[in-house]
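Open the model in your viewer and keep a selection prompt ready. The tour below goes from stop to stop, saying what to select and what is there.

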Amino acid sequence: MGKRVRRRQLLSSLTKKQKQHLRDFGEEHPFFDRVSGKEAKPQICQLSESSDTSNSESESESEPEQVSGYHKLLATLKNASEEEEDEEEEEEEEDSVDDAEVNEEDVSEEEETAAESAEMQEKVTLSAEAEEENHGDGETPGESQKPPAEFTDAKHEALFSLETNFLEEEGGDDCSLKVSQDPFVHHVNKELKEKEVQALPTNPKTTHRLKWPTLGQLVFSSRFQRMETFKPPKDVDLKSLHLQKPLGSTWTKTNGQFMSGPQKSRCPFSPLQKELFLLMNSYRDLFYPERTALGNGEEIRRVYCLHALNHVLKANARVLSNNTRRRSQKPGLSEDDGFRDQGLTRPKVLMVVPFREAALRLVQLFISLFEGDSKKKVVVSNRKRFQSEYGSDPEERPPNLKRPEDYEAVFVGNIDDHFRIGVAVLQRSIRLYAPFYSSDILIASPLGLRTIIGGEGVKKRDCDFLSSIELLIIDQADIYLMQNWEHVLHLMDHMNLLPLDSHGVDFSRVRMWSLNNWARFYRQTLLFGALQDAQINSVFNRFCVNLEGQVAVRNVPGPGSISHVLAQLPHVFQRMDPENLATAIDARFNFFVNKILPQYRDAIMSHTLIYVPSYFDYVRLRNYFKREELNFTHICEYTQKPAVSRARHFFLQGEKQFLLLTERFHFYKRHLRLSAEIRDAWLQALQTPKNTTAGLVMEQG
């Protein structure tokens, strides 16, 4: 009975969304930390020296996809009926897609019981519809149990269907598409020759450097023979940007707080927005590694939302215009290739964001870009349900939580990282929670996409909705390094593959470069992050092969924050030279334990903090310290609060010589008191004779 009472007390203290996360993943979200009003005195007890065990699952995410042409694509449709027979089956996919690669052994009995019950009760339905989990009050119990192919909202389905709708005003919305200088028309109509595609792997990458006033140093590159560069003009007119209606009139009202210049001659963009939009509107791939949550994050979000919505409205206007032309065409006349205006599936834009709060802001920007200050409101279906599931409750935030400003800016609002939603846009109407294959824009997190894409060997998996993505936006890429970067790589491996089913497409309307499996050469990728990381650079260099070329911002980093440290401590960099990349991890570990660690095993080095970015390196180092019986304590993102308090107390009082700390713990928790204790320990060490304290940073190959 004692366990049941403790379990009830634990669940009663959790909020609704915390309970949902506990059922989904078997553990509380790393962000939530119960902070009491009074500072509890740490309890000191003897801990067992039993070795920790950790479970890790790694799966092969590289799945070879056979590239086929137009006739092979048609041949694959014969097996569509056989694959639909297994749609009624359900399967469990809880632990294989969790953000954390491994589980810490310090999990309490209450969380273990909750995890076991979650494995028995929770089933993840791989539906093509957007995020049907029961988070909000507006969902009926039967909606989440429907097969993925069913959708009974016939009224909205017909209203947002591109095949059965036409332009309301002939020549009105399509007038800008007839201009030959429109970058959208120029991009989608550009013909790619097969000789160029075959010579692409052997072509050297040509690069050219330019310096722009605001963005700084830009690197233009391309693997195709043709590469053009340009410089930004001083003045930008909205008419010259070929914005689709009504964006030309609503943008100035939506972006009013960032507009620069005098009132009468104000530029509709900020200096940063102007240069970013010029690059986006040229349909080049873009990598901007200087996005900050406190600084320019909202500016960047608004400008790429404008570009995404402009692209969708232009693409839909062309389809609706061709519908009108076909309807007025005389019977008996043969159709030409002038009606090829779409891809193999309808989704055109994929926006990858880390939290639900970011998805909420994107949808709010879409609505604002449609409405502006006009009295005519936009029709938004399922708006109340979206607000309840993606909004946040101020009471859910832990009390007495004091964190730095940048932490507050990142973890604001609803920070659930498992979601996906489809958005359909047609003229002045927006449909939320649209089925993926009836959506124009997909907004999802890497984890939300991973659960529907599946892995190798999974029967019910679906990635056909990624086949015709023309615009991929990955925002806040640095946060995915703290979640699970493997989900991003898995997503990129499944972008722009030929679909296994037709999904009701009219092949006479599909562009030839989509049928030839060349969609990846026409896809524009916009990548935003806060730092230049090797893994982010690798994604940009490997998966961005746009025929228009790539542009990367390569500014020299400015002065670091170590210059603001009051205590004068030496900052030593240790360089290692591994033989090859495959042995770099082992070489770095051996270099640390053989060359660096012996310098700090002396008793006078009483306060040494070891900051470990990788959890796998942390487990390996922790096990080594236990084998060598070193005097140490450790804290990671899975350590429970009492154990964290004990470790902080031991390290502050000097009872433990070493403290192992993971990067993810610092990212999700950001304990200010822990930082103060480390500072006090350093100051105390400086007052001790014959004692030198140094910060060690190792280059990782």
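Start by selecting Lys 274 and the residues around it: leaving out residues up to four places away in sequence, Lys 274 touches Pro 233, Lys 234, Val 236 and Phe 269. One of these partners deserves a distance label, since the C-alpha atoms of Lys 274 and Lys 234 are separated by 9.7 Å while the two residues are 40 residues apart along the chain. Is Lys 274 buried or exposed? Lys 274 is buried, with a relative accessible area of 14%, against a cut-off for burial of under 20%. The model is a predicted one.

Now widen the selection to the helix. Lys 274 lies in helix α10, which covers residues 271–281 and has ten of its eleven residues buried. Besides Lys 274, the buried residues of α10 include the charged-type side chain of Glu 275, as well as Gln 273 and Asn 281. Leu 272, Leu 276, Phe 277, Leu 278, Leu 279 and Met 280 are also buried in α10.

Step off the end of the helix. Just after α10 comes Tyr 283, in the loop between α10 and β5 (285–288). What is the phi of Tyr 283? Phi is positive, about 60 degrees, although Tyr 283 is not a glycine. Most residues other than glycine have a negative phi. Tyr 283 is buried, with a relative accessible area of 3%.

For a second case of this kind, select Tyr 433. Tyr 433 also has a positive phi, near 60 degrees, in a residue other than glycine. Tyr 433 sits in the loop between β9 (429–432) and β10 (441–444), and with a relative accessible area of 2% Tyr 433 is buried.

Go back along the chain to the loop between β4 (216–222) and α9 (247–254), where Pro 246 lies. Check omega here: the peptide bond from Lys 245 to Pro 246 is cis, with omega near 0 degrees. Most peptide bonds are trans.

Stay in the loop between β4 and α9 and select Glu 228, which is found there too. Glu 228 counts as exposed, at 59% relative accessibility. Not counting residues up to four places away in sequence, Glu 228 touches Phe 220 and Arg 284. For a distance label, use Glu 228 and His 208, which are 9.3 Å apart, C-alpha to C-alpha, and 20 residues apart in sequence.

The next two stops are helix pairs. Select helix α12 (residues 356–371) and helix α13 (residues 383–390), whose axes come within 9 Å and cross at roughly 150 degrees. An angle over 145 degrees counts as roughly antiparallel, and α12 and α13 are therefore roughly antiparallel to each other. The crossing of α12 past α13 is left-handed. To see the contact, show the side chains of Arg 356, Ala 359, Leu 360, Val 363, Gln 364 and Ile 367 in α12, and those of Arg 383, Phe 386, Gln 387, Glu 389 and Tyr 390 in α13. Colouring these residues by type gives six nonpolar, two polar and three charged.

Then select helix α17 (residues 485–493) with helix α20 (residues 534–543). Their axes are 12 Å apart, and the two helices pack at an angle of about 0 degrees. α17 and α20 are therefore roughly parallel to each other. Trp 485, Leu 489, Met 492 and Asp 493 are the α17 residues of the contact, and they meet Gln 535, Ile 536, Val 539, Arg 542 and Phe 543 of α20. By type, the contact of α17 with α20 has six nonpolar residues, one polar and two charged.

The last single residue is Gln 657, in the loop between α23 (641–653) and β17 (658–662). Gln 657 counts as buried, at 12% relative accessibility. Which backbone oxygen lies 2.8 Å from a polar atom of the side chain of Gln 657? That oxygen belongs to Tyr 600. Leaving aside neighbours within four places in sequence, the contacts of Gln 657 include Arg 601, Asp 602, Met 605, Asn 631 and Phe 651.

To finish, zoom out to the whole protein. There are 25 helices and 18 strands, and buried residues make up 51% of the 701 residues. Of the contacts between residues at least 6 apart in sequence, 78% join residues at least 24 apart.

How values were computed
Residues numbered from 1 in each chain as written. Predicted model: local features only at pLDDT ≥ 70, side-chain atom pairs only at ≥ 80, totals over all residues. Heavy atoms only, no water. Axes fitted to C-alpha atoms, helices over the stretch in contact; angles between N-to-C directions. Helix = DSSP H or I, 4+ residues; strand = E, 2+ residues; numbered from the N terminus. Parallel < 35°, antiparallel > 145°, perpendicular 65-115°, else oblique. Left-handed = near helix turned anticlockwise from the far one by under 90°. Contact = heavy atoms within 4.5 Å. Buried < 20%, exposed > 50% of the residue type's maximum accessible area, 1.4 Å probe, protein only. Polar contact = N/O pair within 3.5 Å; in protein donor to acceptor, adjacent residues only side chain to side chain.
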